[in-house]
Amino acid sequence: MNKIFIICITVFCLCGCSTKFDDVVGSTETQLQVRGYQTRTFETTDKEMVMRSILSTMQDLGFVITRADERLGTISGRSFVNDAVLTVTIRKLRNGTILVRANAQAGLKPILDPIPYQNFFNSLGQSLFLEAHNIN
Amino acid sequence: MKNLLYVIVLFVLLSGCTSYNEYFKLDKNYLQRRNQETRYIEGANEEDMLVAAGQVLQDLGYMMDEIEFDLGLLTGFKTREAIPKAGQIGIIVLAALGGTQAVYDVSQQIYVTIISTKHPTRKGYNVRVEFARVIFNNLGQSRAEKIQDEKIYMAFFDKLSQSLFLTENNL
């Protein structure tokens, strides 16, 4: 019984410990898997309109925008609703679509669950619809 | 001993099980909030409007942080004292009487984001402003909140109207 207790304590102490390598360049998923759920494409060539919609969506979601650059197509913000930070990149593809990629961190951990990204892209889809139909 | 073991095993199993399912989801009041934070401004061009908005931020003591004219974006911040409210003063007094450490707010960092968007059909621009703050207590802990008091937004837009007039007249 005592042995089990010691094993449990050891597991408890070790869980969550990661090496410096994991923290700096490590990943639990392949690059392709991560990109899969962090990325959506939109059937438009208007990069500025998509960027403005992202700003609007992030405000709807309670983010405060901290950085944005139109030329590089990046927007970063901090959520005051969930304790999270989000960076969104926007790229114009050669096939005439816009690729939007988001990555987020909550507290000290990266968000590796696809659902919040789905939520974000659903919210963005709604915002693009509102803007296309001229609703404030 | 056995109970303690169960608790530890349960804790180990549950650690790391944070759910992010509700993250980045629009709530039912987001359109109402969007309306509260947005005003349509007739007549000014985007550059004049962002200059006037920047002047308001300076009037209010904000430091400019990020400016991206191509996206109509302006952000700023300021750090101020967080004056203890009546309730907090009560907590301090009670803690002093009880010999325990009182927890009270000490300072706050206030953030503002302004975004202008060309109205799709009319000649003017929609200006949207958003305030949020991080409050720090005497133990160095912080909490973040969005500021949603309608009066604050109305006061900001009043000041923006005034600023547009003053900026147009080179004042």
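The exercises below, each with a worked solution, concern a predicted model with chains A and B.

**Exercise 1. Describe the make-up of chain A and of chain B: how many helices and strands are there, and in what order do they come?**

Step 1. Count the elements. Chain A has five helices and six strands. Chain B has five helices and six strands.

Step 2. Read the order from the N terminus. In chain A the order is α-α-α-β-α-β-β-β-β-β-α. In chain B the order is α-α-β-α-β-β-α-β-β-β-α.

Step 3. Add the burial figures. Of the 136 residues of chain A, 41% are buried. For chain B, 39% of 171 residues count as buried.

Step 4. Add the surface. Chain A exposes about 7,800 Å², with 57% of it from carbon and sulfur atoms. The accessible surface of chain B is about 10,200 Å², and 56% of that belongs to carbon and sulfur atoms.

Step 5. Look at contacts between residues at least 6 apart in sequence. In chain A, 45% of these contacts join residues at least 24 apart. In chain B, residues 24 or more positions apart account for 60% of the contacts with a separation of 6 or more.

**Exercise 2. Work out how strands 2, 3 and 4 of chain A are joined.**

Step 1. Take strand 2 (residues 63-69) and strand 3 (residues 74-79) of chain A. They run antiparallel and are joined by six bridges. Within this pair, Ile65(A) has Gly77(A) as its bridge partner.

Step 2. Inspect the link between them. Strand 2 and strand 3 of chain A form a hairpin with four residues between the strands, and Gly73(A) in the turn has a positive phi of about 70°.

Step 3. Go on to strand 4 (residues 84-92) of chain A. Six bridges join strand 3 to strand 4, and this pair also runs antiparallel. Here Thr74(A) is paired with Thr89(A). Strand 3 and strand 4 of chain A form a hairpin, again with four residues between them.

**Exercise 3. Compare the length of helix 5 of chain B with the expected span, and say which of its residues are buried and which are exposed.**

Step 1. Check the length. Helix 5 covers residues 150-168 of chain B, which is 19 residues; at 1.5 Å a residue the expected span is 27 Å, and the end C-alpha atoms are 27 Å apart, so the two agree.

Step 2. List the buried residues. They are Tyr153(B), Phe156(B), Phe157(B), Leu160(B), Ser163(B) and Leu164(B). Seen down the axis of helix 5 of chain B, the buried residues fall within an arc of 120°, so they line one face of the helix. The spacing has a general basis: an α-helix has 3.6 residues a turn, so residues three or four places apart point the same way.

Step 3. Find what this face packs against. The buried residues of helix 5 pack against several elements of chain B, including helix 2 (30-37), helix 3 (46-59) and strand 5 (125-137).

Step 4. Turn to the other face. Lys151(B), Asp158(B), Gln162(B) and Phe165(B) are exposed on the face turned away from the buried side.

Step 5. Look at the start of the helix. Asp149(B) caps the N-terminal end of helix 5 of chain B, with a side-chain oxygen 3.1 Å from the backbone nitrogen of Lys151(B).

**Exercise 4. Describe the setting of Asn21(B), Phe24(B) and Glu130(B).**

Step 1. Locate Asn21(B). This residue lies in the loop between helix 1 (2-14) and helix 2 of chain B. Asn21(B) is partly exposed, with a relative accessible area of 29%. Across the chains, Asn21(B) touches Asp113(A), Ile115(A) and Asn119(A).

Step 2. Locate Phe24(B). The loop between helix 1 and helix 2 of chain B holds Phe24(B). Since its relative accessibility is 2%, and buried means under 20%, Phe24(B) counts as buried. Phe24(B) is not a glycine, yet has a positive phi of about 60°. Most residues other than glycine have a negative phi.

Step 3. Locate Glu130(B). Strand 5 of chain B contains Glu130(B). Glu130(B) is buried, with a relative accessible area of 0%. The side chain of Glu130(B) makes a polar contact of 3.4 Å with the side chain of Gln59(A). The contacts of Glu130(B) include Phe63(A) and Val64(A) in chain A, and Glu37(B) and Tyr153(B) in chain B.

How values were computed:
Residues are numbered from 1 along each chain as its sequence is written. Chains are lettered from A and ligands numbered from 1 in the order in which they are written. This is a predicted model: local features need pLDDT of at least 70, side-chain atom pairs count only at pLDDT 80 or more; totals for chains, interfaces and linings use all residues. Side-chain values use heavy atoms; hydrogens and water are left out. Helices (H or I, at least four residues) and strands (E, at least two) are DSSP runs, numbered from the N terminus. The expected span of a helix is 1.5 Å times one less than its number of residues. Buried means under 20% relative accessible area, exposed over 50%, partly exposed in between (1.4 Å probe, protein chains only). The arc is that of the directions from the helix axis to the C-beta atoms. Contact means heavy atoms within 4.5 Å. A polar contact is a pair of N or O atoms within 3.5 Å; within protein, one must be able to donate a hydrogen and the other to accept it, and residues adjacent in sequence count only if both atoms are side-chain atoms. Two strands pair if DSSP finds at least two bridges between them. Accessible areas come from the Shrake-Rupley method with a 1.4 Å probe; for residues, only the protein chains shown count as cover.
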